[in-house]
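Here are my notes on this model, as short numbered points. Please keep the structure open while you read.

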Amino acid sequence: MNELLLEPLKYYEKVGAAEHEQNVAAHFDALLQKSGVNVEENRATAKKYRAEMLTLEKLRDNRSKKKALRGFLIFLAIVGVGLGVGSFWFFKSSALYGALALGGGVLLLVGSILLIKKVLNPAIKEMDTLIAKHEVKAKEFLDEAERQVAPLNALFKNDDTLRLIEKTIPEFSFDERFSIENQALFAQQYDFVVNDSAEVSVLDTLSGRFMKNPFVYCKNKIHQMGLKTYHGTRVISWQQRYTDKDGHTRTRTVTQTLHASVIKPKPEYYQRKSLHYGCQAAPELSFSREPKHSERLSENERERKVRRGEKKLKKKAEKALARGKNFQEMTNSEFDVLFGASDRDHEVQFRLMYTPLAQCSTVDLLTSRVGYGDDFYFQKRRRCNVITSEHAQQWLMNCSAAHYYSYDVDEIKRKFFRFNNEYFKSVFFDFAPCFAVPAYMEEPSVAMEKMNEESQSYYTSYEHEVLANALGASILAHSASQTEAILKTHFLGCNGIADRVEVNAYSYDTIARVDYIPKLGGDGRLHDVPVPWVEYVPLQRTTQIELAPLIEPQEREEKGLSEQYARAVVYHGIAAWLAQE
C-alpha cells in the first residue's frame with residue numbers, strides 16, 4: 001500500500017502531479033524518438049502553413065469589405081434609377097427640381113456602375129485568384145506537415161492515458177471494458193446495483209480495479225419529465241365614455257393586453273458521470289453527503305460555519321438519544337460539519353472508517369483549492385461507494401488519441417501534456433475521498449481472479465448500451481422523433497461469436513396545441529386568451545443489433561462477418577452493427 005496516498009492532497013502537491021507529468025513527458029519523448037519525426041523540419045512547414053492561413057484571412061477579410069462596398073453601390077444605383085423615374089413627377093411642379101433629380105439619378109447610376117465594373121469587380125476577381133492560389137499553397141503545406149507527423153500520430157494508442165496513470169500509481173489497473181466478470185464481482189461482493197432503469201441509458205464506461213477493489217465510471221444519459229410554462233397574450237379594446245375639461249361627453253378607444261400561461265409536461269435530458277467504487281470496509285454503513293464548497297470560504301467564514309454546525313449536530317444527537325437512535329457528534333467538529341454525512345446509520349463503523357488521519361485528510365481536501373475542493377457528492381451504500389463530482393461533468397472521459405492529433409509536433413505535445421495531466425487530476429480527485437480512508441486502501445478478502453461467473457452473453461448490458469449509443473439514436477430512434485432518445489437494451493442470445501441484442505429507443509413526437517384561458521378584461525368581460533404549447537407524444541422503436549470482438553479481416557470472411565463489419569461502429573474493442581432481419 002502506498003501510504004503517501006492516505007494524505008491525498010499532500011501527495012498530489014508534492015509527489016503525484018510532478019511525477020505524472022514526468023511520466024507523460026518521458027512517454028511522449030520515447031514516442032517522438034521512435035517515430036523519427038524531424039521536429040525542426042515540421043516546425044518550418046507548420047510556420048509556412050500558418051503564414052499562408054494568416055495571408056488568407058487578410059485576403060478574405062479584404063474581399064468581404066469590397067463585396068460589401070459593391071453591394072452598397074448596387075443599392076445607390078437602384079436609388080439612382082428611382083430618382084430618374086421620380087424626376088418626371090418633380091418636373092410637374094418644378095423644372096429645377098426635376099432636373100436635379102434626373103441629374104442626381106443619372107450620376108448615381110452611372111457612377112456606381114462604373115465603379116463596380118472598372119474598380120471593384122476586377123479587384124474582387126484578382127483577390128479570388130490570389131485566394132485560390134494561397135489556398136492551394138496552404139493545403140500543400142498542411143498536407144506536408146501532416147505527412148511529417150503521421151509516424152508520431154500512428155504511435156499513439158487510445159489507452160496511453162490509462163497506462164500512464166497505472167505507471168504513476170501502480171495500485172490502479174484499468175480494463176478495456178466493463179467485463180462480465182467485473183460486473184459479477186461488483187454485484188455479488190460489493191452491493192453494486194446493475195442499472196436497469198428505463199430512464200437511464202449508459203453512454204460510456206471506464207472500469208478497473210484499485211488495490212484489487214473493482215470500480216467503474218459510468219457516463220449516463222438520464223431522462224425525466226419536467227414542466228414548462230407557456231405564455232400567451234391577447235389584445236382587447238372597447239369604447240369608453242368620458243367627460244373632457246369643457247364638460248363635453250366623449251368616447252375613446254381603450255386597449256389592454258391580457259396575459260395567460262399554462263404549465264405542461266416536457267421531457268428533459270441530461271448527462272451525469274459517476275464513479276462507483278467497491279470496498280468491503282464498513283460493510284453495514286450507509287451515508288450520503290453533498291458538496292458545500294468549503295474551499296470558497298475564508299478562515300473566519302469557515303470557523304463561523306463550524307460553530308453554527310456544532311449546535312445543530314448537538315441538537316441532532318440529543319434528539320437521537322431521546323428516540324433511542326445512535327447518532328453522535330464526532331470529536332473533530334470541523335470534519336463533522338464540513339463533511340456532513342449526518343444521515344449515517346452505523347456510528348461504530350463510521351468512526352472505524354474515519355480515523356483521526358482520515359478526518360484531517362478529508363478536511364484538507366474540502367478546504368483546499370489545489371484540486372477541486374468540496375465539489376463532490378458521496379453516497380455509501382454498504383460496500384458500494386458512489387462519487388459524483390462537479391469537475392467530472394466537464395471531464396473528457398473518452399481517452400481517444402484523437403484528442404491530441406495535429407499537423408504541428410509542438411501542438412501535439414501541448415495537447416498530449418494538457419490532456420493527460422488534466423485526465424490524471426480529474427481521476428485522482430474523484431478517488432481522493434476514498435484514498436483518505438485507510439480502510440479503503442486495503443485489498444479485498446475476495447480477489448478478482450477468484451470470480452468465475454457463468455454468463456450467456458459475451459458482454460454486459462452496460463457495454464450493450466454503450467455500443468447502441470455509439471451507433472446513434474439517429475439510426476435507432478423512431479423516424480418521427482423530435483426529441484433525444486433513451487436507448488435501452490435486452491440480450492436475446494448469441495449468434496456465433498456475437499451477442500444479439502434488442503434495442504428499444506424511447507423518444508417523443510411533438511404536436512402544436514393551443515389552450516384558451518379565460519381572463520377578465522378591463523371592460524368587465526371574460527376573454528379567451530390563446531396560449532400555444534407543445535404536446536410530447538411518446539414513441540418507441542425496436543431494433544436488433546449485433547456485437548462482436550474485433551477480429552482480423554481474413555477471420556471475418558471465414559465467419560461470414562465481412563459485410564456486417566463494413567457497417568460496424570467500433571468502441572471499447574467491440575464492433576456493433578444493425579442485425580439482419
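1. Start with a term. Two strands pair if DSSP finds at least two bridges between them. With that in hand, look at Cys384 in β7: the bridge partner of this residue is Gly278. Gly278 belongs to β4, which covers residues 249–278. β7 covers residues 384–389. Four bridges join β4 and β7, and the pairing is antiparallel.

2. Now step back. This is a predicted model. The protein chain has 14 helices and 12 strands. Its C-alpha atoms fill a box of roughly 110 × 85 × 65 Å, taken along the principal axes. The radius of gyration is 35 Å, whereas a compact globule of 581 residues would have one near 25 Å.

3. Next, the sheet. How many strands does the open sheet have, and in what order? There are seven, in the order β1-β2-β3-β4-β7-β6-β5, and the pairing is antiparallel. β1 (172–174) and β5 (286–289) stand at the edges. Each has a single partner strand, so one side of each is left without a neighbour in the sheet. On average, neighbouring strands are turned by 25° against each other, direction ignored.

4. Follow β2 into β3. β2 spans residues 200–210 and runs antiparallel to β3, with 10 bridges between the two strands. Ser207 has Val216 of β3 as its bridge partner. Arg209 is bridged to Pro214, also in β3. The hairpin of β2 and β3 has two residues between the strands. In this hairpin, Met211 takes a positive phi near 50°.

5. A helix sits against this part of the sheet. Helix α11 (residues 461–471) packs on the sheet and touches β2 and β3. The direction of α11 makes about 125° with that of β2.

6. Go on from β3 to β4. β3 spans residues 213–243, and 29 bridges join this strand to β4. The two strands run antiparallel. Two pairs help you find your place. Leu227 has Pro265 of β4 as its bridge partner. Thr229 stands opposite Ile263, again in β4. The hairpin of β3 and β4 has five residues between the strands. Here Gly247 takes a positive phi near 90°.

7. Turn to the helices. Helix α1 (residues 8–35) and helix α4 (residues 160–168) have axes that come within 9 Å and cross at roughly 130°. That angle makes α1 oblique to α4. The crossing is right-handed. Which residues make the contact? On the α1 side they are Tyr11, Gly16, Glu19, His20, Asn23, Val24, His27 and Leu31. On the α4 side they are Asp160, Leu164, Ile165, Lys167 and Thr168. By class, the contact has five nonpolar, five polar and three charged residues.

8. α1 also meets helix α10, which covers residues 409–435. The axes of α1 and α10 come within 10 Å and cross at roughly 150°. This crossing, too, is right-handed. The contact of α1 with α10 has 18 nonpolar, five polar and three charged residues.

9. To check your reading, trace the sheet along its order, β1-β2-β3-β4-β7-β6-β5. Pause at the hairpin residues Met211 and Gly247. Then find α11 on β2 and β3. Finish at α1, with its crossings to α4 and α10.

Technical notes: Residues are numbered from 1 along each chain as its sequence is written. This is a predicted model: local features need pLDDT of at least 70, side-chain atom pairs count only at pLDDT 80 or more; totals for chains, interfaces and linings use all residues. Side-chain values use heavy atoms; hydrogens and water are left out. Axes are lines fitted to C-alpha atoms, for helices over the stretch in contact, and angles run from 0 to 180 degrees between N-to-C directions. Angles under 35 degrees count as roughly parallel, over 145 as roughly antiparallel, 65 to 115 as roughly perpendicular and the rest as oblique. A crossing is left-handed if the near helix is turned anticlockwise from the far one by less than a right angle, and right-handed if clockwise. Contact means heavy atoms within 4.5 Å. Ala, Val, Leu, Ile, Met, Phe, Trp, Tyr, Cys and Pro count as nonpolar, Asp, Glu, Lys and Arg as charged, and the others, Gly among them, as polar. The radius of gyration is taken over C-alpha atoms; the globule rule is 2.2 Å times the number of residues to the power 0.38.
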